[in-house]
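Reader: I would like a close look at one part of this model, namely its nonpolar interior. Please take me through what makes it up and how the neighbouring elements are arranged, in one connected account.

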Amino acid sequence: MMRVSVVVIVSALLVLTPIVQGVSMSGLSVSGNQIVNKDGQPVILKGVNRSGFEYMCIQGSGQVADGPVDQSSINAMLAWNINSVRIPLNSHCWLGLSNANPEKQNYIQGIQSYVQLLTSNNLAVILDLHWTSPNSPANAEIPMPDAAHSIDFWKGVATAFSNQSNVMFELFNEPFPNFIGSDSFGMQVVTENCDVDHTTQAWECYKNGGTSCVGLSYTAVGTQDLVNAIRSTGANNIIIVNGIHYAECMTQWETYKPSDPLDQIAAGAHMYRLPPWFSGYRVWIFPAFKHTLSLFPRTFQLFSPKSEKWIVNPRSLSH
């Protein structure tokens, strides 16, 4: 009996005590082609994509997240020496639209509490607009962020996390104005080859939205308007802007990147076409590359919230 009591006490200490490690993740900013912390030290972001926040809230469960969001689950992630966590979000749930459950305030508070716990563990956080839709519900990827909800979403998120220097904003998960596919939006399938398909029209749509996005059945908003929306709140957080072709194609990113009065833009890419020995999911983030594309990649892996295990061992990856 005494033995059981000791185990419970140790477990409670494990759950309540943050594991703080590594270089400080406070004061993050883009400096030239690097991300640096408050002390000017270069920071290489390596972490996990913590899924669940984008889909649980629209499945009628009343839950904000899928699986545990407590200190023990964070300790499980920290055991892999990560320094950052990416959280995919749902615009409809953040804005409290009719299909969302839990209610708006509960969703927002749940995310704020989790972000606070993560940052108290010296982890940087990336908030990603993952699912949005001009209609209801927002339950899948669409080619471009919608004007109906994406601007209001980012104004709300930026206000909530304004100037928290260890929180970064990823504008939109995977834009694909150059490859829409056979979907309900009625655009023509072009090709799956990024090297061929980086058309001027696709990049114009990417940056400017609106009438530049030919064939969409809804009004899209471009990356420039989303950056403007964030900065209009006074937030100075780093903004991550992914490429097109499901965030894999970066060929004209530098030409079409949105302007930022604070010069705090980082480029993000989701690299799917990898060597055959690797079948996982990897995300790279680069500071706005004025001189090079490949400085300071961030390696991200999927983390199972229910089993608290890596789906792919990040130690097997070079970065």
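Author: In this predicted model, the largest nonpolar core holds 63 residues, and the members that touch the most others are Ile87, Ile111, Leu127 and Phe169. Helix α4, which spans residues 104-120, supplies the largest share of this core, with six residues. Apart from this core lies another one, of twelve residues, which includes Leu45, Ala124, Ile126 and Ala266.

Leu127 deserves a closer look. If its neighbours within four places in sequence are left aside, Leu127 is in contact with Ile87, Leu89, Ile111, Val115, Trp154, Val157, Phe161, Val167, Met168, Phe169 and Glu170.

Phe169 leads on to the strands, since Ile239 in β7 is its bridge partner. Strand β6, residues 167-170, pairs with β7 in the parallel sense over two bridges, and β7 in turn pairs with strand β8, residues 265-270, in the parallel sense over four bridges. In that second pairing, Val241 stands opposite Ala267 of β8. Within β7, which covers residues 239-242, Ile239 and Val241 point one way while Ile240 and Asn242 point the other, and all of them are buried. This agrees with a general rule, that side chains in a regular strand alternate between the two faces of the sheet.

Trp154, one of the contacts of Leu127, also takes part in a helix packing, that of α5 with α8. Helix α5, residues 150-160, and helix α8, residues 223-231, pack at an angle of about 35°, with their axes 8 Å apart, and α5 passes α8 in a right-handed crossing. On the side of α5 the contact is made by Ser150, Ile151, Trp154, Lys155 and Ala158, and on the side of α8 by Asp225, Leu226, Ala229 and Ile230. By character, the residues of this contact divide into six nonpolar, one polar and two charged.

In the loop between α7 and α8 lies Cys213, which counts as buried because its relative accessible area is 7%, under the 20% limit for that term. When residues up to four places away in sequence are not counted, Cys213 touches Cys205 and Ala220. The C-alpha atoms of Cys213 and Met144 are separated by 8.7 Å, although the two residues are 69 residues apart along the chain.

Helix α2, residues 71-78, is likewise mostly covered, with seven of its eight residues buried, namely Gln71, Ser73, Ile74, Asn75, Ala76, Met77 and Leu78.

Methods:
Residues numbered from 1 in each chain as written. Predicted model: local features only at pLDDT ≥ 70, side-chain atom pairs only at ≥ 80, totals over all residues. Heavy atoms only, no water. Buried < 20%, exposed > 50% of the residue type's maximum accessible area, 1.4 Å probe, protein only. Pairing = 2+ DSSP bridges. Core = buried A, V, L, I, M, F, W, Y, C linked by side-chain atoms within 4.5 Å. Contact = heavy atoms within 4.5 Å. Axes fitted to C-alpha atoms, helices over the stretch in contact; angles between N-to-C directions. Left-handed = near helix turned anticlockwise from the far one by under 90°. Nonpolar A, V, L, I, M, F, W, Y, C, P; charged D, E, K, R; others polar.
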